[in-house]
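These are my notebook entries on a structure that I consulted for the first time. I set down each item as I looked it up.

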Amino acid sequence: MSSMAGTLRPLVAGNWKMNGTKSSGAELEAISAGYDDALQGKIDMMVCPPATLVMAFAAMARDAALAVGGQNCHANESGAHTGDISAEMLADAGATAVIAGHSERRADHGETDDQVRAKAEAGWRAGLMAIVCVGETEAERDAGKTLDIVGGQLAGSIPDGATAQNLVVAYEPVWAIGTGRTPTTDDVAEVHGMIRERLTARFGGEGEGMRILYGGSVKPGNAAELMAVDNVNGALVGGASLKADDFLGIAAAYR
Ligand code: PGA
């Protein structure tokens with residue numbers, strides 16, 4: 001465990017997945033206003049909407065402290081890749097970060113660690129912070145392979161050159177995403193502690209300064225307990241980030 005990790009500025013990021021239309025702007029306004037009023041002195045907060053809303057949300061959040069991120073990007077800057085968007089396009093639309101390697105991308109699109117690493121590098125090329133996701137399936141946990149799987153994903157998905165500014169890691173057990181189930185705080189502590197050790201071994205002081213988010217069924221009712229665990233430096237929130245009251249309720253764990 002690092003002495004510095006407890007003092008890192010937390011990040012609470014919302015992953016809206018394939019949810020949201022123009023009419024969701026009111027929710028974004030409410031999140032932004034709640035953050036500016038009570039929380040921006042203490043934590044960073046971000047919303048990652050579907051790509052169709054990045055530009056509108058970034059414009060709405062322009063004068064506020066709330067950050068806007070993308071959920072995925074192609075590794076290339078441009079070219080013949082129908083339906084894909086590049087990190088440069090996300091940056092052009094006003095995003096300041098991109099999620100890479102969410103388990104739904106790994107499962108639905110067969111994304112490999114190599115591809116995730118290339119996406120994180122693409123994000124850096126465009127000036128974005130990369131939020132790299134790792135996490136075991138239920139079968140892997142049951143087989144006692146959690147630390148091996150997460151360690152392997154970390155080694156393979158994070159590019160050389162990661163710093164405390166350009167990289168955030170999100171630990172998201174696949175079986176906890178959207179299920180209402182969460183690991184015990186001891187289990188979270190074990191995995192986050194291993195992640196911190198690996199980051200520090202590979203990146204030295206920069207690794208000590210990298211934020212490690214927990215994700216998977218974070219709700220207002222369990223946020224305080226999860227966020228109090230050693231080496232948990234924030235949350236990546238799916239379903240509960242779609243409603244301003246819930247998302248701000250989670251962020252308030254840092255009040
Ligand atoms: P959930 O999703 O909060 O809806 O479980 C988390 C995530 O997939 O980032």
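How many salt bridges does a search of the whole structure find? I noted first that the model is a predicted one. My search of the whole structure returned 12 salt bridges.

Entry on K17 and E104. I looked up one of these pairs, in which the side chains of K17 and E104 meet at 2.8 Å, N to O. I placed K17 in the loop between strand 1 (11-15) and helix 1, and E104 in helix 4 (residues 103-108), so the pair ties together parts that are 87 residues apart in sequence.

Entry on Q71. I then turned to Q71, which I found in the loop between strand 3 (67-70) and helix 3 (87-93). A polar atom of the Q71 side chain lies 3.0 Å from the backbone oxygen of K17. I recorded a further distance of 3.3 Å between a polar atom of the Q71 side chain and the backbone oxygen of P49. Leaving aside residues up to four places away in sequence, I listed N15, W16, K17, C48, P49, P50, V98 and I99 as the residues that Q71 touches. K17 thus entered my notes twice, as a partner of E104 in a salt bridge and as a residue touched by Q71.

Entry on helix 1 and helix 11. I looked up how helix 1 (residues 25-38) and helix 11 (residues 244-251) are placed, and found that their axes come within 9 Å and cross at roughly 25 degrees. Angles under 35 degrees count as roughly parallel, and I therefore entered helix 1 and helix 11 as roughly parallel to each other. The crossing of helix 1 past helix 11 is right-handed. Helix 1 contributes E27, A30, I31, G34 and Y35 to the contact, and helix 11 contributes A244, F247 and L248. Sorted by class, this contact of helix 1 with helix 11 has six nonpolar residues, one polar and one charged.

Entry on helix 5 and helix 7. For helix 5 (residues 113-125) and helix 7 (residues 146-157), I noted axes that come within 8 Å and cross at roughly 45 degrees. I therefore entered helix 5 and helix 7 as oblique to each other. Helix 5 passes helix 7 in a right-handed crossing. I listed D113, D114, V116 and R117 on the side of helix 5, with G152, Q153, G156 and S157 on the side of helix 7. By class, I recorded one nonpolar, four polar and three charged residues in the contact of helix 5 with helix 7.

Technical notes: Residues are numbered from 1 along each chain as its sequence is written. This is a predicted model: local features need pLDDT of at least 70, side-chain atom pairs count only at pLDDT 80 or more; totals for chains, interfaces and linings use all residues. Side-chain values use heavy atoms; hydrogens and water are left out. Axes are lines fitted to C-alpha atoms, for helices over the stretch in contact, and angles run from 0 to 180 degrees between N-to-C directions. Helices (H or I, at least four residues) and strands (E, at least two) are DSSP runs, numbered from the N terminus. Angles under 35 degrees count as roughly parallel, over 145 as roughly antiparallel, 65 to 115 as roughly perpendicular and the rest as oblique. A crossing is left-handed if the near helix is turned anticlockwise from the far one by less than a right angle, and right-handed if clockwise. Contact means heavy atoms within 4.5 Å. Ala, Val, Leu, Ile, Met, Phe, Trp, Tyr, Cys and Pro count as nonpolar, Asp, Glu, Lys and Arg as charged, and the others, Gly among them, as polar. A polar contact is a pair of N or O atoms within 3.5 Å; within protein, one must be able to donate a hydrogen and the other to accept it, and residues adjacent in sequence count only if both atoms are side-chain atoms. A salt bridge is a side-chain nitrogen of Lys or Arg within 4 Å of a carboxyl oxygen of Asp or Glu.
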